[in-house]
Amino acid sequence: MIKTKVITLIAFMLFAAGSAFAAKPAPAIDGFAALDMPYDVGNAAVLRWPANPADTDDTSYVVYVSTHETGGWLEADRFAAAAKTGKDIELPFWAWNGSAAEHAVKIELNNLFGESLPSSVFQFRVTAEKNKKVIAESAVVSVMPVGNWFRLDRLNNLILLIVLIIIFFWAVSHAKRKGLFIRRIAGLDAIDEAIGRATEMGKPIFYVPGIGSMGSISTIASAFILGEVSKKVAQYDSQIKVPHYDPIVMTVCKEIVKQSYMEAGRPDSYREDINQFVSADQFSYAASVDGMISREKPAACFYMGYFMAESLLLAEVGATSGAIQIAGTDVEHQLPFFFTACDYTLIGEELYAAGAYLSKEPMLLSALKVQDFGKLIVMVSVFFGMILVVLGAKLGWTDFVQGLLHLFKGY
Amino acid sequence: MKLIKKHIPLAIVMVTGVLTLVSYYVPNKLSVNYIETLSQWENIVVAFAFLLGLISLFFSHYNKISRKADGWGYSVFVFVGFLAMVLPAYLSHGKQMTDAGLTPLGWSFKFIYNALSGTMFAVLAFYIVSTAYRSFRIKSMQAFVLFVAAFILILGKVPLGQIIWDSVLGWTGQGVSDVIEWIMQVPAVAGKRGIMIGISIGAIVTSLKIIFGIEKQYMGKD
């Protein structure tokens, strides 16, 4: 009887000890909060909790997400305890107040659940692990991500835009009829010479608008230049050929050239095949235009617009055919090819200014002043920014330097 | 008439431009949907415009062949090339590869299209040489600076050049790769950034001119 009682007592003690061991909860991660990610479309959440100074190098955090009230947890992120602090969220100081003494994790829910999110409310929890054992765990918190109405992080960008718009309207409203100095652009002054040469030689002019779509600023600028060039071609009664890569650009250019011929008083000289679609494939286009240049030996070639590898293929064939060549592009890594193979090259902004320069319309010319003001703003900002950053780095003002760099960064 | 030809198109450009500009600062689903819708419309317009382009291409080359214009034989290849890709595509139901291997379209793509594209791209190497020769004719101080920079870059990229550099200028303690890195990272990047800043501001101003109807040459004049 006594033996039975002793065995029962021991069994009870072992059971009680086991239960107590199993039920011992992991320490809590306090201050865990899930928030809607600010300035986004509504498909991300940001989780924040204080960093634990006791975390060691082998401690890691695992973030779980679920769309259910209970269970259904999905691992959303896993990272070392030293990583992902409040400072690592890529937002400027005026839009985000992050500290190195806290963890902040951005969870892109669309990456986990697809573009159409399965729920409007998401549950989150985080665990701290060491050697694959959970050593701390947070409470479950929920968040409802919503789309925001303003990208506060792009405030610096917006302020610069507003300043430029104000200068733009000021410049346009003060458009002068006379006396506005515009520096000479040799490449544009040479257009008359090129067209005159073509007329004398009785050979055509090739105008290549590049491989950009109508959404590209350089193609739009190229279309403006084409208008002025074709007007002069019509006046001189010369010939122009415009091979196209993009059918939409072709359609727009057809209207522009037709209009130019009408303005020049030569609608009878306009032909539908001036603008011709060649190919929507880069190298097929280059091969075809090269073939045309080789066969027809034009007196002048214009390459204006967006160009990639075909820039040299075209310009080199034009150079060997003996044509006078004028190029212009805003693709800076293609500029060296044009510099070496063409007689004149318009660099980036000169291409944009060309339409105004050639048309000589006061409003358009005044708008060029805005470009100068913009460059002045950038130059002054770079000059003072450089001094302040160097000074701040020298004096150890890390936050000041970071803040200054945020001002000039795009988000 | 002026309302239809001038004012309505300008209003469409302005409203679309302002909305697109605003959507850059508004992250809401509405602006995302707006941009997606615009993109879809653009694709539809491109599809129709492509058909227009194809008609223009065939028409112009057909004219050349029928008039027996100079080089009309090349125009025949436009139709031959078109059929060489379109017929196999039709026969292969647009698939390049099946379990049995290459389809006729896959064959045409691999052995005609890729081969021709590769050839055109390879020609670039020869053009670079002839362009380099032309740019190395020193006519001005700028051309001399360009020549020196290019010469160092070429020297540093070949083992023989590195050996020459080390034996002649090794005493300076600077390897040719260090000099190349400096040229690429400092003067080249400085020049490139200057151009890029000008381009960016020029692009903003050009966009504003179009959005606010100051630049309307693309519509023709009154």
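**Entry 1: a strand pair in chain A.** I started with A:Ala45 and found that its bridge partner in S6(A) is A:Ile107. I keep in mind that this is a predicted model. Next I looked at how strand S3 (residues 44-50) of chain A meets S6(A): seven bridges join them, and they run antiparallel.

**Entry 2: the sheet around that pair.** I followed the strands outward and got an open sheet of three strands in chain A, ordered S2-S3-S6, with antiparallel pairing. Strand S2 (33-36) and strand S6 (102-108) of chain A are the edge strands, each pairing on one side only. On average, neighbouring strands here are turned by 25 degrees against each other, direction ignored.

**Entry 3: domains of chain A.** I noted the division into domain 1 (22-143), domain 2 (152-169 + 365-407) and domain 3 (181-360). Between domain 1 and domain 2 of chain A, I read a distance of 35 Å for the C-alpha centres. Their contact takes six residues from domain 1 of chain A and five residues from domain 2 of chain A. I then checked the classes on the domain 1 side of chain A: six nonpolar, no polar and no charged residues touch domain 2.

**Entry 4: a helix pair across chains.** How do helix H8 (residues 310-320) of chain A and helix H4 (residues 104-135) of chain B cross? Their axes come within 9 Å and cross at roughly 55 degrees, which makes H8(A) oblique to H4(B). The crossing is left-handed. From H8(A) I listed A:Leu312, A:Leu313 and A:Glu316 as contact residues; those from H4(B) include B:Met120, B:Tyr127 and B:Thr131. By class, the residues of this contact are seven nonpolar, two polar and one charged.

Key: Residues are numbered from 1 along each chain as its sequence is written. Chains are lettered from A and ligands numbered from 1 in the order in which they are written. This is a predicted model: local features need pLDDT of at least 70, side-chain atom pairs count only at pLDDT 80 or more; totals for chains, interfaces and linings use all residues. Domain bounds come from an automatic or database domain assignment. Two residues are in contact if their C-beta atoms, placed from the backbone, lie within 7 Å. Ala, Val, Leu, Ile, Met, Phe, Trp, Tyr, Cys and Pro count as nonpolar, Asp, Glu, Lys and Arg as charged, and the others, Gly among them, as polar. Axes are lines fitted to C-alpha atoms, for helices over the stretch in contact, and angles run from 0 to 180 degrees between N-to-C directions. Helices (H or I, at least four residues) and strands (E, at least two) are DSSP runs, numbered from the N terminus. Angles under 35 degrees count as roughly parallel, over 145 as roughly antiparallel, 65 to 115 as roughly perpendicular and the rest as oblique. A crossing is left-handed if the near helix is turned anticlockwise from the far one by less than a right angle, and right-handed if clockwise. Two strands pair if DSSP finds at least two bridges between them.
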